[in-house]
Amino acid sequence: MFTISPSLYSADLLNIRQVLRSLEGFEHLHLDVDDGNFVRGISFGMDVIEGVAECTDIPLDAHLEVLNPMDYVAPLARAGVELICAHVEVLDFPSLFLSSVHRYGKKAGLALNIKTPIAYIEPYADQLDQLILVSCEADVDGLPFRRGVLKKLSEARLKLEEHTKIWVDGGVNKSNLRSVVDAGADGVVLGRAVFGSENPVDTYVQLLELGRGYEKERDSNAV
Ligand SMILES: O=C(CO)[C@@H](O)[C@H](O)COP(=O)(O)O
């Protein structure tokens, strides 16, 4: 079923404990782990991630925007993160990353920057629980959604196995949600669209219902 993973990095990070307590009903929570090298921003270190995991029962997914993803697998798995995703652009041997995550009993994924073709992840289709298609330039906060991701999304949906969940991440909001779902997304990561709204919990529920409605229409049109 269509899902939303709100990105904690867009929340009020000075009140992180209160934010976590307020997130009633969230099915996922997205952790952008940004190292200041792969991307310019620096987000959460392991101490904060361990603290977040202790404070909430919401299943956590980590999007590693770092140069050395292999170093994060064991600490994230031990902290209880359920899904660990790294950028194919920095992995010399993506299959080793994916099997290392699986050895910890966690779900494993790859992420693609907007400029990176689907061909880069095709050889690993059999190991992929998740694909994150970044839909803005990852490095610059506030850059808009790039519609070019929709073609990549349709291509990925055709090429990947059905069990592989495809999420779109970056600049997604109410106005482009339908196009993302129609092109085949199983889920989206939302930063500003949820945490930049007046009431993140209400907004999350509304957008989730909207997305699930679009998904239902898409799937019934496909039959
Ligand atoms: O990591 C990324 C982009 O690289 C995302 O998680 C964005 O941070 C999501 O934020 P919005 O674009 O939805 O505000």
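Of the 223 residues in this protein, 54% are buried, where buried means under 20% relative accessible area. The model is predicted. Its pLDDT averages 96, and 99% of the residues score at least 70. For the complex, the predictor reports an ipTM of 0.94 and a pTM of 0.96.

The protein contains eight helices and eight strands. Its radius of gyration is 16 Å, close to the 17 Å given by the globule rule for 223 residues, so the protein is as compact as a globular protein of that length. The C-alpha trace spans about 45 × 40 × 30 Å along its principal axes. Contacts between residues at least 6 apart in sequence show how the chain is joined up: 63% of them link residues at least 24 apart.

At the surface, the protein exposes about 10700 Å², with carbon and sulfur atoms supplying 49% of this area. There are 21 positive and 34 negative charges, and the mean positions of the two sets lie 4 Å apart.

Helix α6 can be followed in more detail. This helix covers residues 174-182, and its buried residues are Asn-176, Leu-177, Ser-179, Val-180 and Val-181. What do the buried residues of α6 pack against? Their partners include two helices, α5 (149-159) and α8 (200-222), together with the strands β7 (165-169) and β8 (187-190). Just after α6 comes Gly-184, which takes a positive phi of about 115°.

Terms used:
Residues are numbered from 1 along each chain as its sequence is written. This is a predicted model: local features need pLDDT of at least 70, side-chain atom pairs count only at pLDDT 80 or more; totals for chains, interfaces and linings use all residues. Side-chain values use heavy atoms; hydrogens and water are left out. Helices (H or I, at least four residues) and strands (E, at least two) are DSSP runs, numbered from the N terminus. The radius of gyration is taken over C-alpha atoms; the globule rule is 2.2 Å times the number of residues to the power 0.38. Buried means under 20% relative accessible area, exposed over 50%, partly exposed in between (1.4 Å probe, protein chains only). Contact means heavy atoms within 4.5 Å. Accessible areas come from the Shrake-Rupley method with a 1.4 Å probe; for residues, only the protein chains shown count as cover. Lys and Arg count as positive and Asp and Glu as negative; His and the chain ends are not counted. The place of a charge is taken as NZ of Lys, CZ of Arg, CG of Asp or CD of Glu. pLDDT is the predictor's confidence in each residue, from 0 to 100.
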